Amino acid sequence: MRNSHQYIQGIGHRVKSLNNPDQRVTALATYAQANFPATPLFDYARKVEKITTSKKPNLILNVDGCIATLFVDLLYQSGSFSHEEARDLIDIGCLNALFVAGRSIGFIGHYLDQKRLKQGLYRHPWDDIAYMMPK
């Protein structure tokens, strides 16, 4: 995929790596293994991670990829939804809503922290922001 400049969503982190794992992913994985009936999609993502980290140590399963795969596993494996109901929830964008909710909470936290510190809202330099448009 690298030769064709394709990125795998949910893989890779700017700071975290095999040598500096993301403790959120560790905690979610531990919880899911103890409490979910099965995690086939998450297990597959971990197999992909083994391949990607063999190429570069920061190509780990990131927290967004972890949450997405575990959420889909929960929808399909919990017994609370039929296969069709789970597919419908995914198709209407419930994973996107979950992503936006988490980002909104984080943004509010940053805003309140900057206010507490009596600082202006931090804005990352434009030349350091990389957004890859899907093809």
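**Group meeting: a five-helix chain**

A68 is partly exposed, with a relative accessible area of 30%. I start there to set the scale for what follows. A68 sits in helix α3. Its C-alpha atom is 18 Å from that of E84, and the two residues are 16 apart along the chain. Before going on: this is a predicted model, and every number in this talk is computed from it.

First, the overall layout. The protein chain has five helices and zero strands. Reading from the N terminus, the order of elements is therefore plain α-α-α-α-α, with strands counted as DSSP runs of at least two residues. Along the principal axes, the C-alpha atoms fill a box of roughly 50 × 35 × 35 Å. The chain has 135 residues, and 24% of them are buried.

How much of the contact set joins residues at least 24 apart? Taking contacts between residues at least 6 apart in sequence, the share is 65%.

One example of a pair far apart in sequence involves T26. That residue is in helix α1, which covers residues 23–35. The C-alpha atoms of T26 and C66 are separated by 9.4 Å, with their positions 40 residues apart along the chain. T26 counts as partly exposed because its relative accessibility is 33%, which falls between the limits of 20% and 50%.

Now T69, in helix α3, residues 63–77. Is T69 buried or exposed? T69 counts as buried, because its relative accessibility is 11% and the cut-off for buried is under 20%. Leaving out residues up to four places away in sequence, T69 touches L41, F42 and A45. So the same helix, α3, holds T69 and the partly exposed A68.

Next, charges. The chain carries 16 positive and 12 negative charges, and the mean positions of the two sets are 11 Å apart. Side chains of opposite charge can pair when their charged atoms come close. The structure holds five salt bridges, and I will go through some of them, including one that links distant parts of the chain.

The pair R46 and E49 comes first. Their closest N and O atoms are 2.8 Å apart. Why are R46 and E49 separated by about one helical turn? Because they are three residues apart in helix α2, residues 40–55. Their accessibility is worth listing side by side. R46 counts as partly exposed, at 27% relative accessibility. E49 is buried, with a relative accessible area of 10%.

The pair D91 and R87 is also a within-helix case. Both residues lie in helix α4, residues 83–91, four residues apart, about one turn of the helix. The closest N and O atoms of this salt bridge are 3.0 Å apart. D91 is exposed, at 54% relative accessible area, while R87 is partly exposed, at 37%.

The salt bridge between D64 and R103 has its closest N and O atoms 2.7 Å apart. Which helices does this pair link? D64 is in helix α3 and R103 is in helix α5, 39 residues apart, so the bridge, defined by nitrogen and carboxyl oxygen within 4 Å, links distant parts of the chain. D64 is partly exposed, with a relative accessible area of 26%. R103 also counts as partly exposed, at 44% relative accessibility.

On to the surface. The accessible surface of the chain comes to about 10400 Å², and 59% of that belongs to carbon and sulfur atoms. Which residues make the nonpolar surface patch of about 480 Å²? They are F107, I108, Y111, L112 and L121. F107 lies in helix α5, residues 94–116. Helix α5 is also where R103 of the D64 salt bridge is found.

One backbone detail to finish. K118 has a phi near 55°, a positive value in a residue other than glycine. Where is K118? K118 is in the segment after α5. K118 is exposed, because its relative accessible area is 76% and exposed means over 50%.

To recap: the chain has five helices and zero strands, and it holds five salt bridges. One of these, between D64 and R103, joins α3 to α5. The nonpolar patch includes F107, which is in α5, and K118 follows in the segment after that helix.

How values were computed. Residues numbered from 1 in each chain as written. Predicted model: local features only at pLDDT ≥ 70, side-chain atom pairs only at ≥ 80, totals over all residues. Heavy atoms only, no water. Buried < 20%, exposed > 50% of the residue type's maximum accessible area, 1.4 Å probe, protein only. Contact = heavy atoms within 4.5 Å. Areas by Shrake-Rupley, 256 points an atom, 1.4 Å probe, with all protein chains shown as cover. Lys, Arg positive; Asp, Glu negative; His and termini not counted. Charge placed at Lys NZ, Arg CZ, Asp CG, Glu CD. Patch = residues over 30% accessible without salt bridge, like charges linked within 9 Å, V, L, I, M, F, W, Y side chains within 5 Å. Salt bridge = Lys/Arg side-chain N within 4 Å of Asp/Glu carboxyl O.
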